[in-house]
Amino acid sequence: QVQLVESGGGLVQPGGSLRLSCAASGSIFSFNAMGWYRQFPGKEREWVAHITSGGRAYYVDSVSGRFTISRDNAKNTVYLQMNSLKPEDTAVYYCKAWGGVDYWGEGTLVTVSS
């Protein structure tokens, strides 16, 4: 059983930046990919980005060029650097690990507002 714990959410003004972290209780090396989803109020959870075990990153169009996903296998942590944040980025962000079993974190709230 692997636990994923997100951190780094909070309130930020439009145009600002935040870095989310997802710390795994075990090694992330064995996972096929790790990534981030987000959920807007009253909406389905949507994929934001993921990074493969080989380091290839993929993004939803709405965040491409503003968000950067990275992973540190030594620290068992995945990051989401979010720049040029917009009010429409406001959501709960969830970390996910894909493997023989998929794992989810509990989520961290990001609020972009002036």
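A charge counts as sitting over a ring when NZ of Lys or CZ of Arg is within 6 Å of the ring centre and within 35 degrees of the ring normal.

**Entry 1: Arg45 and its rings**

I am working from a predicted model, and I began with the charged end of Arg45. I found this end over the ring of Tyr94, at 3.6 Å from the ring centre. I then looked at Trp104 and found that the charged end of Arg45 sits over that ring as well, 4.6 Å from its centre. For Trp104 I noted a relative accessible area of 35%, so I entered this residue as partly exposed.

**Entry 2: the aromatic pairs**

Next I looked up how many aromatic pairs the structure holds, and the count comes to 3. One of them is Phe31 with Tyr103, an edge-to-face pair whose ring centres are 5.9 Å apart and whose planes stand at 75 degrees. Because Phe31 lies in the loop between β3 and β4 while Tyr103 belongs to strand β10, this pair ties together parts that are 72 residues apart in sequence. I checked the accessibility of both partners and recorded Phe31 and Tyr103 as buried.

I then took Tyr37 and Trp104, whose ring centres lie 4.9 Å apart with the planes at 70 degrees, so I wrote this pair down as edge-to-face. Tyr37 lies in strand β4 and Trp104 in strand β10, so here the pair ties together parts that are 67 residues apart in sequence. Tyr37 has a relative accessible area of 15% and is therefore buried, the cut-off being under 20%. I also noted that Tyr37, Trp98 and Trp104 form one aromatic cluster.

**Entry 3: around Trp98**

The cluster led me to Trp98, which I placed in strand β9, residues 91-98. Which residues does Trp98 touch, not counting those up to four places away in sequence? I listed Phe31, Asn32, Ala33, Met34, Gly35, Tyr37 and His50. I also looked up the separation of Trp98 from Ser30, and although the two are 68 residues apart along the chain, their C-alpha atoms are separated by 9.3 Å.

**Entry 4: the disulfide**

I stayed with strand β9 and turned to the cysteines, where a search of the whole structure finds 1 disulfide. The bond joins Cys22 to Cys95, with an S to S distance of 2.0 Å. Since Cys22 lies in strand β3 (residues 18-24) and Cys95 in strand β9, the pair ties together parts that are 73 residues apart in sequence. Why do I call this disulfide left-handed? The torsion about the S-S bond of Cys22 and Cys95 is about -80 degrees, and the disulfide is left-handed for that reason. I recorded Cys22 as buried, because its relative accessibility is 0%, and Cys95 as buried on a relative accessibility of 0%.

**Entry 5: the sheet that holds β3**

Finally I followed strand β3 into its sheet, which is open and made of 4 strands in the order β1-β3-β8-β7, with antiparallel pairing. The edges are taken by β1 (4-7) and β7 (67-72), each of which has a single partner strand, so one side of each is left without a neighbour in the sheet. From one strand to the next I noted a twist that averages 15 degrees. Looking at the edge strand β1 in more detail, I found 4 bridges joining β1 to β3, the two running antiparallel, and I located Leu4 opposite Ala24 in β3.

Methods:
Residues are numbered from 1 along each chain as its sequence is written. This is a predicted model: local features need pLDDT of at least 70, side-chain atom pairs count only at pLDDT 80 or more; totals for chains, interfaces and linings use all residues. Side-chain values use heavy atoms; hydrogens and water are left out. Contact means heavy atoms within 4.5 Å. A disulfide is a pair of cysteine sulfur atoms within 2.5 Å. Buried means under 20% relative accessible area, exposed over 50%, partly exposed in between (1.4 Å probe, protein chains only). Rings of Phe, Tyr and Trp (its six-membered ring) pair if their centres lie within 6.5 Å; planes under 30 degrees apart count as stacked, over 60 as edge-to-face and the rest as tilted. Two strands pair if DSSP finds at least two bridges between them. Axes are lines fitted to C-alpha atoms, for helices over the stretch in contact, and angles run from 0 to 180 degrees between N-to-C directions.
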